[in-house]
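Visitor: Please take a close look at how the helices pack against one another, and at what lies in the interior. I would like the angles and the residues involved.

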Amino acid sequence: MAGALDGVKILGFTHFAQAPFALQLMGDLGADVINIERPGKGDFNREFLRQESLGGESPFFLAMNRNKRSLSLNLKSPEAKEIVFRLLKEVDVVVTNYRPGTLDKLGFGYEAAKKVNPRIVYCEALGYGSSGPYASLPGQDLLAQCLTGYATIVGPDQEGRPISGGIYVVDMYSSMLLTVGILAALVSARETGRGQKVEVNLLNSGIHMQSQEIAYYLNTGILPQRPKNHSGHFLQESPYGIYQTGNGWMCFSTNMVENAEWKVKTLGELLGIENLPELMPDKAAMMQDRDKLHDILEAALVKQDTEYWLKVFQEVGFWCAKVNDYESVVRDPQVIHNGIIKEIEHPVAGTYKAIGTPIEFSETPPEIRRPAPMLGQHNEEILLQLGYSKEDIAALKEKNIF
């Protein structure tokens, strides 16, 4: 069955996470994705945390690069540049997350690409933007978390110490913005016959990701004050947060503004805290005293197991959940039901597990057609499609173009 993006051709000059993850998603949706890699080395992620259990392959690379073809090229050689220009004439989209100006210096920048293909959608995923005081600086997820203020609002306050997110959160969010930008530009190109340049960067992505929180500061002048416990969000009143139970952890995200009197009374009754209505008389008290209230609530919650409390609270309509670690996540009945974890066959790694596409389509479902490629695995296949003969390919190989 054809995918939603069947017929779309994408040429990538990508490495690490920000752009590769976006291209994998588009590959899952049916696009033909060719990624250019360095001969002999390839994507930097190929070397990151390589595992013997996967035949020496990196789980980070495998997680970001299925449904792509790998073409290894020495981009400084004239012969490789000719191959790239043949590809530029055929593809719908170019995506790069190299530093600003890198492809321009090689002769493959937007101005050069649109001369050979006016319909081309040319996308740059950058660190901070293509111009400005930070444009030439290396962009990376942790740097973006810190520059955008995210590290100052994450987790409980520990004497003012900033805390980074547990995942490459800005990279992942920026990947989704990149995907949206590509798709929007493709729609426009099909309507108008004209391509365009699209740009996303980690700095803007990290700020956009915090739209609600930064807008609150911009319009009130109030800086975030992280709680000392695990309340989860600096603008949420008690009981919002994470609590220890008798055998693990659980969280509340119950909105106490609606029917607050009933909710506080019910919470107190269920936990055996008779004076809870006096401790939580209104939202102001729930916010101001949230650290003290957290300790009071947790002292009651540790008396029973998580499963007991989930049953009790869910029966009365309180919003709550178990805190899973990764071991629990993969055993979670809803995760199993959703089928988001897939098994993929790889020629070296064998059978490996990865996260599937989180979007469902009734008519054009995503499909895993290829595992993450070996470096240069598709050199001959791609060049034959471009019109090179086997003799031409052998001559290029002899010159170390691959």
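Guide: Helix 10 and helix 14 are roughly antiparallel to each other, because angles over 145 degrees count as roughly antiparallel, under 35 as roughly parallel, 65 to 115 as roughly perpendicular and the rest as oblique. Helix 10 spans residues 260–271 and helix 14 residues 306–315; the angle is about 150° and the axes are 11 Å apart. This is a predicted model, in which local features need pLDDT of at least 70 and side-chain atom pairs count only at pLDDT 80 or more, while totals for chains, interfaces and linings use all residues. Residues are numbered from 1 along each chain as its sequence is written, and side-chain values use heavy atoms, with hydrogens and water left out.

Helices (H or I, at least four residues) and strands (E, at least two) are DSSP runs numbered from the N terminus. Axes are lines fitted to C-alpha atoms, for helices over the stretch in contact, with angles from 0 to 180 degrees between N-to-C directions.

The crossing of helix 10 and helix 14 is right-handed (the near helix is turned clockwise from the far one by less than a right angle; anticlockwise would be left-handed). Leu267, Leu270 and Leu271 of helix 10 meet Trp309, Val312 and Phe313 of helix 14, contact meaning heavy atoms within 4.5 Å. By class, this contact of helix 10 with helix 14 has six nonpolar, no polar and no charged residues (Ala, Val, Leu, Ile, Met, Phe, Trp, Tyr, Cys and Pro count as nonpolar, Asp, Glu, Lys and Arg as charged, the others, Gly among them, as polar).

Helix 7 (residues 169–192) packs with helix 8 (residues 202–209) at about 95°, their axes 9 Å apart, and the two are therefore roughly perpendicular. Helix 7 contributes residues including Val169, Tyr173 and Leu177, and helix 8 residues including Leu202 and Met209. The classes here are six nonpolar, four polar and one charged.

The axes of helix 1 (residues 18–28) and helix 7 come within 8 Å and cross at roughly 50°, so this pair is oblique. Their contact has eleven nonpolar, four polar and one charged residues.

As for the interior, the largest nonpolar core has 30 residues, and Leu11, Phe13, Leu73, Ile83 and Leu87 have the most contacts inside it. Such a core is a set of buried Ala, Val, Leu, Ile, Met, Phe, Trp, Tyr and Cys residues joined through side-chain atoms within 4.5 Å, buried being under 20% relative accessible area, exposed over 50% and partly exposed in between (1.4 Å probe, protein chains only). Helix 3 supplies the largest share, five residues.
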